[in-house]
Amino acid sequence: MENKDKTDWRFKVANREALIGCGLALLNFVWWFGFAYGMGSRPVEEYSYILGMPDWFFYSCVVGFLLITALVIFVVKVFFKEVPFEEEEELR
Amino acid sequence: MNWEVIIPLLVFLVIIFFIGIWSSRKGAKVSGGDFLQDYFLGGRELGGFVLAMTMVATYGSASSFLGGPGTAYTMGFGWVLLAMSQIVTGYFVLMILGKKFAIMARRYQALTLVDFLKARYNSGPVVILSAAAIIIFLFSAMAAQWIGGARLVESLTGMSYHAALFIFAISVLVYVTIGGFRAVAVTDAVQGAVMVVGTMVLLAGVIIAGGGVTNIINDLISENPNLVTPFGADGNLGKAYVSSFWILVGVGVVGLPQIAVRSMSYKSSKSMHRALIIGTVVTGVIMLNMHLIGVFARPIIPGIDVGDKVIPLIAMDVLPAWLAGIVLAAPMAAIMSTVDSLLILVSSTVVKDVYLNYIKPDASIKAIKRASFGVTAVLGIIVYILALDPPDLLIFLNLFAFGGLEAAFIWPIVLGLYWSYANKYGAIASMITGIGSYIAIHFYNGANGNLFGVHTVTLPVLLSFIAFIIFSLIMKQEAYNYERIKKGEIA
């Protein structure tokens with residue numbers, strides 16, 4: 001058994017990325033819930049329509065989808081690190 | 001018989017069949033020692049596109065293409081809102097299991113989810129419980145999809161149920177048996193692409209037939225204004241209930257064995273990164289399109305009372321017959337790609353986790369090969385026979401397959417990866433609590449309405465988390481050292 005604080009650097013990367021995943025999911029949920037029930041709870045007569053769709057739906061689901069896609073792309077390109085999956089001794 | 005619809009469907013089946021066979025030939029070249037890894041995990045070399053597509057296609061089943069849009073037809077925009085909670089699966093599963101799962105699975109040389117749990121928890125009961133849960137629940141889920149597939153073929157072509165089932169079964173069985181996981185993944189990629197294109201064509205067709213989105217929405221409002229609110233046609237689709245689907249069809253999907261096993265099948269972190277992006281886009285497009293089609297179909301063909309028929313009927317109504325045939329290959333693709341993944345998963349559980357663990361650990365390569373092909377084929381044939389006249393027990397078990405498996409596996413997988421104090425006592429308690437409380441709450445909700453107004457899956461996922469933590473801490477063990485295990489050395 002080796003030194004305990006010598007955690008595999010790849011695990012630190014993995015932990016960080018898993019936390020980013022939780023963060024994204026939380027943001028996704030808040031956006032989705034906020035627009036759907038924030039705007040959708042008004043009486044139907046007060047809805048406005050964007051591209052034919054009710055505004056709450058447009059923002060919550062259509063814009064929400066585009067936003068989260070953009071965020072996933074951003075996060076993957078900027079924060080995600082490439083790591084080898086095979087053990088290091090094999091790579092050398 | 002409606003030949004203009006049948007011919008494109010048949011062509012689709014034949015193409016899938018040959019792609020499956022073709023991709024299996026690559027596996028045939030692999031040398032003996034790697035046979036199991038190749039047959040059950042595609043040699044861990046999936047690229048980003050195939051990985052994303054096989055995840056989406058495995059996940060997207062009859063319910064996303066027939067049941068879901070059918071409910072959207074009845075409930076209106078509230079159900080589309082609910083369905084959009086599934087976008088999260090496109091990135092969440094891969095981000096959470098992510099690199100750690102890929103690294104640990106390679107270290108343990110795990111080929112199945114049960115392998116992973118066995119190495120992490122080093123416990124017989126964990127292996128038996130998890131293998132049993134996978135075999136029982138996924139076997140029933142597979143049979144249910146199989147029945148759905150045959151019903152679809154029956155309703156589209158006018159063939160008898162038995163003939164439809166036979167055609168459906170043969171086409172899936174042959175390529176899965178011969179080709180293993182790689183054939184499943186590659187055909188999933190093609191099927192996923194068919195789903196994306198099919199839903200786009202159909203959505204366009206529906207919007208044109210309805211005279212534009214504004215027109216359709218006005219028709220919906222004049223029929224029942226509730227259809228365009230988030231609260232469902234009767235106004236009783238609650239916030240808590242809809243939000244709880246974020247667990248069932250969103251984050252909880254991490255616990256589904258058929259999805260989790262894909263997270264150990266990819267080649268490199270580059271493929272994982274690509275799959276994250278492609279998977280999110282594809283899941284979003286499919287879910288948004290299919291459920292919008294369901295809602296938009298309502299003013300065009302009013303009065304459909306069987307939800308599953310909405311998509312076939314609307315496709316045949318708004319598209320020329322030959323194009324409808326091509327588009328209807330999409331739900332068929334969704335069903336096939338789910339069935340094939342479940343079949344190979346159940347087969348891997350039987351061969352790797354039961355046969356090689358308990359029955360014949362020293363089996364020769366030849367015997368393993370024979371067992372793998374044999375078990376896959378026999379399982380397929382048993383499902384076929386059961387689907388001819390589905391027993392009630394099967395239908396019953398299928399009710400728990402999705403949520404029950406999530407409640408059982410989510411914490412043993414996630415906490416096993418990230419919490420070093422997770423131990424076998426926690427895992428066993430969590431699995432038993434998860435499945436047990438799922439079944440109990442299912443009956444309670446059936447009799448009394450939803451407890452706390454949320455979907456059945458919510459409480460079992462919470463309870464199994466609590467059970468996991470409590471039992472892990474009470475049965476104190478020293479922290480698990482993720483570094484100690486070197487390649488191939490199973491604890």
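This is a chat about the contacts between chains A and B and the empty spaces in a predicted model.

Reader: Before we start, what are the ground rules on numbering and confidence?
Author: Residues are numbered from 1 along each chain as its sequence is written, and chains are lettered from A in the order in which they are written. The model is predicted, so to speak on trust: local features need pLDDT of at least 70, side-chain atom pairs count only at pLDDT 80 or more, totals for chains, interfaces and linings use all residues, and side-chain values use heavy atoms, with hydrogens and water left out.

Reader: OK, how many residues of chain A are in contact with chain B?
Author: 53 residues of chain A touch 56 residues of chain B, where contact means heavy atoms within 4.5 Å.

Reader: And what area gets buried there?
Author: About 4600 Å² between chain A and chain B, with carbon and sulfur atoms giving 74% of that. Buried area here is the accessible area (1.4 Å probe) that two parts lose on being put together, summed over both.

Reader: Which three residues of chain A supply the most?
Author: Phe11(A), Tyr37(A) and Phe85(A), which supply 17% of the area that chain A buries against chain B.

Reader: How many salt bridges between the chains?
Author: Two between chain A and chain B, against a count of nine over all chains. The rule is a side-chain nitrogen of Lys or Arg within 4 Å of a carboxyl oxygen of Asp or Glu.

Reader: Which residue does Asp8(A) pair with?
Author: Arg107(B), with the closest N and O atoms 2.9 Å apart. Asp8(A) sits in the segment before helix H1 (9-40) of chain A, and Arg107(B) is in helix H6 (residues 87-108) of chain B. Helices here are DSSP runs (H or I, at least four residues), numbered from the N terminus.

Reader: Switching topic: where does UniProt put transmembrane regions in chain A?
Author: The unreviewed UniProt entry places them at residues 18-37 and 57-80; such annotations may be inferred rather than shown by experiment. In the model, residues 18-37 of chain A are 100% helix, with end C-alpha atoms 28 Å apart. Residues 57-80 of chain A come out at 92% helix, and there the end C-alpha atoms are 31 Å apart.

Reader: Now the empty space. What's the volume of the largest pocket?
Author: About 1400 Å³. On a 1 Å grid over the protein atoms alone, a pocket is an open set of points with protein on both sides within 12 Å along at least five of seven lines, while a cavity is a set where a 1.4 Å probe fits but cannot get out; lining residues have an atom within 4 Å of a point. A volume is the space filled by probe spheres set on the points, which are joined across faces, edges and corners.

Reader: What lines the largest pocket?
Author: 49 residues, and those nearest its centre include Ser61(B), Gln145(B) and Asn398(B). Helix H8 (residues 124-157) of chain B gives the largest share, ten residues. By class, the lining has 26 nonpolar, 19 polar and four charged residues. Nonpolar covers Ala, Val, Leu, Ile, Met, Phe, Trp, Tyr, Cys and Pro; charged covers Asp, Glu, Lys and Arg; the others, Gly among them, are polar.

Reader: And how many cavities?
Author: Four of 30 Å³ or more. The largest cavity has a volume of about 110 Å³, and 13 residues line it, Met55(B) and Thr283(B) being among the closest to its centre. Its lining has nine nonpolar, four polar and no charged residues.

Reader: What about the second largest cavity?
Author: About 70 Å³, with H1(B) giving the largest share of the lining, four residues.

Notes. Helices (H or I, at least four residues) and strands (E, at least two) are DSSP runs, numbered from the N terminus.
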